[in-house]
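Student: I'd like a close look at one part of this model. Could you walk me through it slowly?

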Amino acid sequence: MAALMQSLWHPSELRALHKIKFGGAFKVRKFEGSLEHLANTLSDRDFCYAVLNEVSRSFALVIQALPKGLMDAVCIFYLVLRGLDSIEDDMDIDDQAKLAMLRTFADDIYEDGWQLKDVGDGPAYRVLLAHFDKVIRVFKGLDTMFQRVITDTTRRMATGMCKYVERPTALEGVKTCAEYDMYCHYVAGLVGHGLSALFAFSGVERQELVQERELQLADSMGKFLQKTNIIRDYLEDIVEGRTWWPEEIWAKHGSTLREFSNQPYNKRSLACLNDMVTDALYHVPDVMEYLSLLRNEQVFSFCAVPQVMAIATLSKLYNNPSVFSKVVKIRKGLACRIMLDCGSMAAVQTWFHKFLSTFDVPSKDPSAERTDRLLVQALNCSRPLVTLESLAKRRKKSSGVVGLLLCILVVLFLLWSQFGVPEFFSGTVLGSSVQELEDWDNVMRSESTASLNTVVAA
């Protein structure tokens, strides 16, 4: 009901919600009952899709739309990495115990019957890890090439996570932007590497996806998603004792990262937020280039949907004080529209252009010049020939539209006040106004004709 109310003034979103919920736009396996019950009653493969539906509904939709030869591999890849990530995010685990779990995880997924009880940063993740033996059996039934990609990615990601867990200053978060980038590489960029390898080895995409340049682009895809999530999850991470905003950025605007939650409307708080969003915008050109390399329509949609949702989210996070008091998300109806309309590069370019154009950069923001420059670069990936000057004109035009609407409202209010509601809506006032406009138009047409005749005669 809440999703319907949020999209009430967006009819296309209501249609998208209905199409995904009832129209069969995505063929998703549905399972009734609690996840714990399903773990004890479903087959191994069905359990994997049941838990996938719980831990990420949006990813569950796009994963189950992939080609059959690739769908199971990506599902297991996602669950294995979510299990690993959930261990890292569980702040109730002692650091030494956490390090031991992370270091052996890539080997544990080959061990029959392996489970991990009472670990995970949420109920669904605890069920996943408690019944991980079911995931392992499906994993071991995959093609050996897929197994190798999943294991290698898991091992490299776990190694990177350990570097941040074992530091003495782990709870203080990352210090520099370079460290921040490296963390995002380990937890998300490597996912891009792994997915590219799965796409290529499955045969649905070209082998070139695993070459150096293409892997750099895939890394950027993952970083873009991760940075968006880190910005959005500011408050949740602060409460849980995790801090991923780099000190190199937040120290320019405050003495502690936590203080922004106490002063969400303060200019320094918003300047810090805008600085973080601007840092994420660096990745947009790489995102667009990677997507342009994909040839399979289902793989393209799978990759494109999260990226479009990320830029939609960033546009909502930018200069938004609510980031410091709650988790800001896009409307479910909008998310459904995006999922239904990301089947081509032209569609993705249109989405990116739409959301990038909504950034209203405060002229006095410390990052304004850099933000505008990156917005121009990003806009040129979706629609060429955008310059800083044209961007400024577009903002003035937008402001002009707002001003015009305000003027119309003022005029309507004055008419309403003078003539009263009954006369205004009865047509008396509007009818006379329309007649006056028609008379004025006739006069103007007569004068224009006379002037034209004079010119012709001359």
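Which helix is Met145 found in?

Tutor: Keep in mind that we're looking at a predicted model. Met145 is found in helix α10, which covers residues 144–165. How open is that spot? With a relative accessible area of 30%, Met145 counts as partly exposed, because that label covers values between 20% and 50%. Met145 also helps to make a nonpolar surface patch, together with Phe201 and Val210. The area of this patch is about 210 Å².

For some contrast, let's go over to His283. You'll find His283 in a loop, with α16 (267–281) on one side and α17 (284–293) on the other. The relative accessibility of His283 is 7%, so this residue is buried, the cut-off being under 20%. What does His283 touch? Leaving aside residues up to four places away in sequence, His283 is in contact with Ser220, Lys223, Phe224 and Lys227. With one of these, Ser220, the side chain of His283 also forms a polar contact of 2.7 Å.

One more stop: Asp72, in helix α6, which takes in residues 68–89. Again not counting residues up to four places away in sequence, Asp72 touches Arg45, Tyr49 and Leu142. Tyr49 deserves a second glance: a polar contact of 2.4 Å links the side chain of Tyr49 to that of Asp72.

So try finding these in the view: Met145 with its patch partners Phe201 and Val210, then His283 beside its polar partner Ser220, and finally Asp72 paired with Tyr49.

How values were computed: Residues numbered from 1 in each chain as written. Predicted model: local features only at pLDDT ≥ 70, side-chain atom pairs only at ≥ 80, totals over all residues. Heavy atoms only, no water. Helix = DSSP H or I, 4+ residues; strand = E, 2+ residues; numbered from the N terminus. Buried < 20%, exposed > 50% of the residue type's maximum accessible area, 1.4 Å probe, protein only. Polar contact = N/O pair within 3.5 Å; in protein donor to acceptor, adjacent residues only side chain to side chain. Contact = heavy atoms within 4.5 Å. Patch = residues over 30% accessible without salt bridge, like charges linked within 9 Å, V, L, I, M, F, W, Y side chains within 5 Å. Areas by Shrake-Rupley, 256 points an atom, 1.4 Å probe, with all protein chains shown as cover. Salt bridge = Lys/Arg side-chain N within 4 Å of Asp/Glu carboxyl O.
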